[in-house]
Every structure is written in structure tokens, then in C-alpha cells.
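Let's walk through this structure together, one region at a time. Keep the model open beside you as you read.

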Amino acid sequence: MSETSMLGPTMLADRAVLRVSGAEARAFLQGLVTQDVRSLSPQAPRWGGLLTPQGKALFDFILWADPDDPQAVLIDCEAARAEALAQRLRLYRLRRPVEITLTEFKVHWARTGAHGVADPRLLGLGRRWLGGAGVPGSGWHGHRLSLGVTEGVAELGDGETLWLECNARELNGVSFAKGCYVGQENTARMHHRAKVNRRLIVAPLAEGGERTRARYPELGLMVERRAVDALGDALVPDWLAAALAEPAPA
């Protein structure tokens, strides 16, 4: 992993890294998560999710190729949910020769520069890499929300939000060319019908209601799940505007 000591505070303290290893590690994940694990390379991480059978988000994460093991995958996930994710993966493992462990790697981020690789969701999110522990950075949370990008259980919910309502299609969070995975049927159906009636959005802070997922008074922002025909004062960045402009299915 890369040396970060010359870059100042860059560590995302609320992230952890799991390692899925073993002879069948990639095949194991390929049948579970929304991304095509076969396409991973050290320079091409992928954002993906582990869903319910109904296609609702349980966990979201960034998948990285392990440069030291061509079969292993590193999972950049919420630190507070790392053990829950590991336990869920172990439920699916059965007797496959796969190990799921918590690593000492830390996730790092910089808004600009050449270090690391571009965030796989959106170029504007900046650069991301894995490395050793360092000084926690600042600014990531507000920067991410300013671009309308949601993540984590507080915003996506725990089995409450359909994956495409999390803007997964627009933010490169799902492969429609791979084989089956948990929740694939409903996700593919929504995609092919081009029908996403509700979306997670970021909006200026206001009093919360039934639609509200998270409120951030220190940032003046909140996350809500709104109908696409009632977005109101939602932030509509270019990537979301393009999706909303797509013609409805015939």
C-alpha cells in the first residue's frame, strides 16, 4: 500500500477494511454482491452492495483488488458495520474455502492530487487509497454530500431502500452484465423498465419527517428518500439531472 505521511491528514477514521481470501474468494463474492468482482484491479476499485433478496441495501462498500493476492478482495466499509458485514458474509460461505478477516489497513482520501485512484462512484469525489494508520482528515463528509452522494446505513438504511433508489445505477454501483447475485431479480427488473420512482437525495436542512433518513445540522444538510416527481429543494447535481431527464418507458 502507498505511503501517506507526506500528504497530511487523510485518513477516514470511520472506515475499516475487511479481507476476503482463499482459492474461491472472488467466485464467492461474485455470486453475492452487485458488482462484477472479476473486473477488479489495483487501479480499478468498484463501489457495490450486498442486498436483501428483494433488492434492498444492507451494506454498501468499495471493493479493491489485493495487490498481494490475485484471488483476494479488500472491502472498504463502515467501521461500525464491519463485523456485521463479516458475519453476513460468513453466513453465505458455508463450506467454501474462504476466509473473512479484519485487516489493519486504513482508508485515505484527498479531494485533489495524483495519489491513489479516482473514487469509482464519481470523479468529483476525489482520490482514495488504502494504507497504514495516519492522522484523521476532514472535509470528506461535507464534500460527499455536496455532490449528492449518499452512503452508509444511516443514509441508505438497513434493508429499507431498493439499491437503484440509492442511485446505484448512476454512481456505478451495479453491473448489469454479470450473473446472478442476491437481489438481482428486482434490481434488473427496475433497470430494464427504467423505472425508479423514489431516490435518496441531499437537501438543505429542515425539520425532519417520514422521508428523512439523516440530518446534519453542522453541515446544514439532510438526506431524504423522495418521490422523483416531488424532489422539492433537493440538490440536483449533473449526474442526477441526467438520470431524471431520461425518457420514461413506453
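Helices and strands here are DSSP runs, numbered from the N terminus, with at least four residues for a helix and at least two for a strand. Please bear in mind that this is a predicted model.

With those names in hand, start at Gln54, which sits in the loop between β2 and β3 (57-65). Is Gln54 buried, exposed or partly exposed? With a relative accessible area of 46%, Gln54 is partly exposed, because that class covers values between the 20% limit for buried and the 50% limit for exposed. Leaving aside residues up to four places away in sequence, Gln54 touches Leu162 and Asn186. Gln54 also shows how the chain folds back on itself in space: Gly159 is 105 residues away in sequence, yet the two C-alpha atoms are 8.9 Å apart.

Asn186 leads us on to the next stop, helix α5. This helix spans residues 184-193, and its buried residues are Thr187, Ala188 and Met190. Why do these residues line one face of the helix? Seen down the axis of α5, they fall within an arc of 160°, so they share one face. The general rule behind such patterns is that an α-helix has 3.6 residues a turn, so residues three or four places apart point the same way. Part of the cover over the buried residues of α5 comes from β2 (46-51). On the face turned away from the buried side you will find the exposed residues Glu185, His192 and Arg193. Just past the end of α5, Ala194 takes a positive phi of about 50°.

Ala194 brings up the backbone, and two further residues are worth a look. Leu94 has a phi near 55°, a positive value in a residue other than glycine. Leu94 belongs to the loop between α2 (82-93) and β5 (99-102), and it counts as exposed because its relative accessibility is 71%. Asn167 is another residue other than glycine with a positive phi, here near 65°. You can find Asn167 in the loop between α4 and α5. At 1% relative accessibility, Asn167 counts as buried.

Now turn to a sheet. Three strands form an open sheet in the order β6-β8-β7, and their pairing is antiparallel. Which strands are at the edges? They are β6 (106-110) and β7 (117-118), each of which pairs on one side only. Between β7 and β8 (residues 127-131), the antiparallel pairing runs over two bridges. To find the match between these strands by eye, look for Val117, which stands opposite Arg128 in β8.

Finally, look for open space in the model. Rolling a probe the size of a water molecule over the atoms shows where empty space is left. The largest pocket holds about 330 Å³ of space. Its lining is made up of 22 residues, and those nearest the centre are Asp14, Trp140, His141, Arg144 and Glu151. Two elements, α3 (140-146) and α4 (153-156), give two or more residues to this lining. Of the elements, α3 gives the most, with four residues. Sorted by class, the lining of the largest pocket has 10 nonpolar residues, together with six polar and six charged ones.

Definitions and conventions:
Residues are numbered from 1 along each chain as its sequence is written. This is a predicted model: local features need pLDDT of at least 70, side-chain atom pairs count only at pLDDT 80 or more; totals for chains, interfaces and linings use all residues. Side-chain values use heavy atoms; hydrogens and water are left out. Buried means under 20% relative accessible area, exposed over 50%, partly exposed in between (1.4 Å probe, protein chains only). The arc is that of the directions from the helix axis to the C-beta atoms. Contact means heavy atoms within 4.5 Å. Two strands pair if DSSP finds at least two bridges between them. On a 1 Å grid over the protein atoms alone, a cavity is a set of points where a 1.4 Å probe fits but cannot get out, and a pocket is an open set with protein on both sides within 12 Å along at least five of seven lines; lining residues have an atom within 4 Å of a point. Grid points are joined across faces, edges and corners, and a volume is the space filled by probe spheres set on the points. Ala, Val, Leu, Ile, Met, Phe, Trp, Tyr, Cys and Pro count as nonpolar, Asp, Glu, Lys and Arg as charged, and the others, Gly among them, as polar.
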